[in-house]
Amino acid sequence: MSARRIAVGVTGASGAIYAVRTIAALLAEGCALELVFSDYGKRLMLDELGKDSKVERLTDLLVEKYGDDVRRGSFVVHSNKDLGATLASGSHRCESMVIVPCSMKTLAGVAHGLSQSLIERAADVMLKEQRRLVLVPRETPLSLPDLRNMVVCAESGAMILPAMPAFYQMPQTIDDLASFLAGKILNALGFEQQLFPAWKGGA
Ligand SMILES: Cc1cc2nc3c(=O)[nH]c(=O)nc-3n(C[C@H](O)[C@H](O)[C@H](O)COP(=O)(O)O)c2cc1C
């Protein structure tokens, strides 16, 4: 069986840890990932995860943080400026995409079909081909344009999955919070995941 091919866009909203946790979890599932980092996405990796968190050493970073399981999958990194990359075409068989975290700027670009970067174009391809697109916005408070842009994206077929970790799992660490969100993203992409246990009900 061939690996599931999934695109991951990483933009300049706070929450780089959500991006690396999600990428690591998808790699551990054996996926073939197509990664695109915006300039501010790269900057937030350094600002929030430390100066060694360069995209150029992503494999080392992921193995250090999450172990050798990440080697089950594979990834390529595309330039966000390359509108001629595979992801820019609906003929490329990339089944789904998540933008995590998703800035309000990129959200606006997706809502209005601007396709000014590869991340925006690849998201537009997902919408026009009616494939799964998961947007993980992170901002607070939200302006009326932000709210309206989310509605437009949802009406166009995207899933809005806000970066809102829950606390009913009794998280002990920041990694627990990131794992919860990554687990929600994997569920949205159709994976059974073990990043957090499903709620069992009860008082
Ligand atoms: C440290 C830092 C934190 C930021 N956090 C957010 C955020 O949480 N949400 C957001 O929408 N924009 C945030 N921004 C602003 C975006 O990075 C900015 O709008 C940028 O143009 C987004 O471009 P991109 O979508 O191409 O990455 C932040 C910027 C910086 C420098």
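## Exercises: a helix pair, a ligand and some odd backbone spots

A16, I17 and V20 of helix 1 touch L44, M45, E48 and L49 of helix 2, where contact means heavy atoms within 4.5 Å. Helices (H or I, at least four residues) and strands (E, at least two) are DSSP runs, numbered from the N terminus. The model is predicted: local features need pLDDT of at least 70, side-chain atom pairs count only at pLDDT 80 or more, and totals for chains, interfaces and linings use all residues. Residues are numbered from 1 along each chain as its sequence is written, and side-chain values use heavy atoms, leaving out hydrogens and water.

**Exercise 1.** Work out how helix 1 and helix 2 are arranged.

*Solution.*
- Start with the axes, which are lines fitted to C-alpha atoms, for helices over the stretch in contact, with angles from 0 to 180 degrees between N-to-C directions.
- The axes of helix 1 (residues 16-28) and helix 2 come within 8 Å and cross at roughly 100°.
- So helix 1 is roughly perpendicular to helix 2, a label for angles of 65 to 115 degrees.
- Now sort the contact residues: 6 are nonpolar, none polar and 1 charged. Here Ala, Val, Leu, Ile, Met, Phe, Trp, Tyr, Cys and Pro count as nonpolar, Asp, Glu, Lys and Arg as charged, and the others, Gly among them, as polar.

**Exercise 2.** Describe the shell around the ligand and pick out polar partners.

*Solution.*
- Count the shell: 14 residues surround the ligand, the closest being G12, S38, S103, T106 and R138. To qualify, a residue needs a heavy atom within 4 Å.
- Split the shell by class, and you get 4 nonpolar, 6 polar and 4 charged residues.
- Look for polar contacts, meaning pairs of N or O atoms within 3.5 Å. A side-chain N or O atom of S38 sits 2.6 Å from a ligand oxygen.
- On the backbone, an N or O atom of M104 is 2.8 Å from a ligand oxygen, while a polar backbone atom of R138 is 2.7 Å from a ligand nitrogen.
- Finish with area (Shrake-Rupley, 1.4 Å probe): the ligand alone exposes 650 Å², and the protein buries 73% of that.
- Helix 2 (39-49) and helix 4 (104-111) are the elements giving two or more residues to this shell.

**Exercise 3.** Locate the cis peptide bond between V100 and P101, then the one from T140 to P141.

*Solution.*
- V100 and P101 are joined with omega about -15°, and P101 belongs to strand 4 (residues 96-102).
- From T140 to P141, omega is near -10°. P141 is in the loop between strand 5 (132-137) and helix 6 (144-155).

Terms used. A polar contact is a pair of N or O atoms within 3.5 Å; within protein, one must be able to donate a hydrogen and the other to accept it, and residues adjacent in sequence count only if both atoms are side-chain atoms. Angles under 35 degrees count as roughly parallel, over 145 as roughly antiparallel, 65 to 115 as roughly perpendicular and the rest as oblique.
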